[in-house]
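The following exercises are to be worked with the sequence and the coordinates at hand. Each task is followed by a solution in steps.

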Amino acid sequence: MSFCSRRRLCVRFFLLYFLYVDISARIKLVTSEIFEVLKKFKKPAITCSYGKDSILVVWFLRRLARNIPIVFSNTGFEYPELYQFRRQIIKDWNLTEHVVLPKHTFWWIVERHGFPMYSKGRIAGYDRKFLPAHYCCLYLKKRPFNQFFSKSKFDLVMDGLRAQESDLRRYTIWKYGKLHYSKQNRIFKFHPIAKVTNKEREEIYEKYKIPYCKIYDYRMEGIQNRTGCWCCTLNWKYPKGKFLRTFYPKLWKILLDHGFASACLSEKLQSPVSQEYAMTQLETRPCLLDQL
Ligand code: SF4
């Protein structure tokens with residue numbers, strides 16, 4: 001192990017060991033922060049994907065007996081279990097929901113720009129063969145959200161953003177803080193569970209038997225399963241293809257039939273491959289495109 005990796009491990013251990021807060025203390029902390037923030041706003045809302053993080057925020061709000069409206073971005077490409085869970089939790093928790101719909105579909109984006117396979121960091125290498133994922137998110141999620149909030153009367157929007165989810169989210173929270181004003185949407189944003197770790201989140205779910213979407217129970221090595229668009233090709237370097245092929249063979253086939261077989265194999269071989277050729281290869285080796 002290199003010196004850098006060892007140093008990174010030590011830092012992580014230090015953070016986990018010394019900054020770990022007892023679960024009851026963490027719940028009290030988050031609850032009191034939400035309570036204090038809500039006192040300052042008249043019309044709050046919460047963006048919710050019905051994943052474990054946003055549902056946790058809704059759970060905190062229910063502890064405060066607040067039925068704050070949910071804003072759900074329905075891309076039309078969520079996993080089937082997500083839609084089932086959404087229906088159930090709205091009924092069981094008596095939630096109020098606003099649905100935000102994109103103007104275009106995922107296939108419309110793919111037709112014009114290609115599949116979203118690169119993260120924002122790869123923008124320099126963007127040659128319109130593949131779309132950097134944040135553009136796809138812009139069409140399907142961000143722009144519809146922005147348009148909705150710019151017309152709505154909400155003055156605060158909460159979400160389930162957590163620092164431990166990714167380096168980008170950690171940076172966002174570090175840069176703007178948990179509560180900040182977004183000039184773009186002209187609204188305040190609040191990330192109440194920003195400091196809740198993965199371990200703490202699981203402990204809270206376990207202790208309070210909070211319901212969650214069944215997608216989290218589909219486990220596979222190398223995959224951190226989460227809610228989101230089933231058709232997302234961004235994480236193809238992890239065995240996303242294998243995950244889809246195993247648990248959702250019909251959706252896997254739909255994606256490949258829409259041209260992803262050729263796009264993925266071309267990327268893998270670094271040379272253009274026709275859709276017919278790619279599909280023929282898959283007949284004998286279905287695992288060929290399990291990951292890049
Ligand atoms: S998660 Fe993936 S498929 Fe969904 S909007 Fe973002 S980039 Fe597009």
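The protein contains 11 helices and eight strands; helices (H or I, at least four residues) and strands (E, at least two) are DSSP runs, numbered from the N terminus. The model is predicted, and local features therefore need pLDDT of at least 70, side-chain atom pairs count only at pLDDT 80 or more, and totals for chains, interfaces and linings use all residues. Residues are numbered from 1 along each chain as its sequence is written.

**Exercise 1. The protein as a whole**

Task: State what percentage of the 292 residues is buried, and what percentage of the contacts between residues at least 6 apart in sequence joins residues at least 24 apart.

Solution. Step 1: apply the burial criterion, under which a residue is buried if 20 or more other C-beta atoms lie within 10 Å of its own, exposed if 12 or fewer, and partly exposed in between, with C-beta atoms placed from the backbone. Buried residues then amount to 31% of the 292 residues.
Step 2: count two residues as in contact if their C-beta atoms, placed from the backbone, lie within 7 Å. Among contacts between residues at least 6 apart in sequence, 68% join residues at least 24 apart.

**Exercise 2. The sheet around β1**

Task: Determine the strand order of the open sheet of six strands, and describe how β1 is joined to β6 and to β2.

Solution. Step 1: two strands pair if DSSP finds at least two bridges between them. The order is β3-β2-β1-β6-β8-β7, and the pairing is mixed.
Step 2: β3 (97-100) and β7 (179-182) are at the edges with a single partner strand each, so one side of each lacks a neighbour in the sheet. From one strand to the next, the twist averages 30°.
Step 3: β1 (residues 44-47) sends Pro44 and Ile46 one way and Ala45 and Thr47 the other, and all are buried.
Step 4: β1 and β6 (residues 156-158) run parallel and are joined by three bridges; isoleucine 46 lies opposite methionine 158 in β6. Methionine 158 also has a bridge partner in β8, phenylalanine 190. β6 and β8 (residues 187-190) pair in the parallel sense over three bridges.
Step 5: β1 and β2 (residues 70-73) run parallel, with two bridges between them, and threonine 47 has valine 71 in β2 as its bridge partner. The chain passes from β1 through helix α3 (residues 52-63) to β2 in a right-handed β-α-β crossover; right-handed means that, with the strands pointing away from the viewer, the path from the first strand over the helix to the second runs clockwise.
Step 6: α3 lies across β1, β2 and β6 and runs at about 150° to β1. Axes are lines fitted to C-alpha atoms, for helices over the stretch in contact, and angles run from 0 to 180 degrees between N-to-C directions.

**Exercise 3. The faces of α4 and α8**

Task: Identify the buried residues of α4 and of α8, and establish where they lie around each helix axis.

Solution. Step 1: in α4, Leu82, Phe85, Arg86 and Ile89 are buried. Viewed down the α4 axis, they fall within an arc of 105°, so they line one face of the helix; the arc is that of the directions from the helix axis to the C-beta atoms.
Step 2: the face of α4 turned away from the buried side carries the exposed residues Arg87 and Lys91. Asparagine 94, which follows α4, has a positive phi near 55°.
Step 3: in α8 (residues 198-208), the buried residues are Glu200, Arg201 and Ile204. Down the α8 axis they fall within an arc of 105°, so they line one face.
Step 4: these buried residues of α8 pack against α2 and α3, while the face turned away carries the exposed residues Asn198, Lys199, Glu202 and Glu206.

**Exercise 4. Two loop residues**

Task: Decide whether lysine 40 and valine 196 are buried or exposed.

Solution. Step 1: lysine 40 is in the loop between α2 (23-39) and β1. Lysine 40 counts as exposed because 12 C-beta neighbours lie inside 10 Å.
Step 2: valine 196 is in the loop between β8 and α8. Valine 196 is buried because 26 other C-beta atoms are within 10 Å.
Step 3: setting aside neighbours within four places in sequence, valine 196 is in contact with Arg26, Val30, Arg162 and Arg201.
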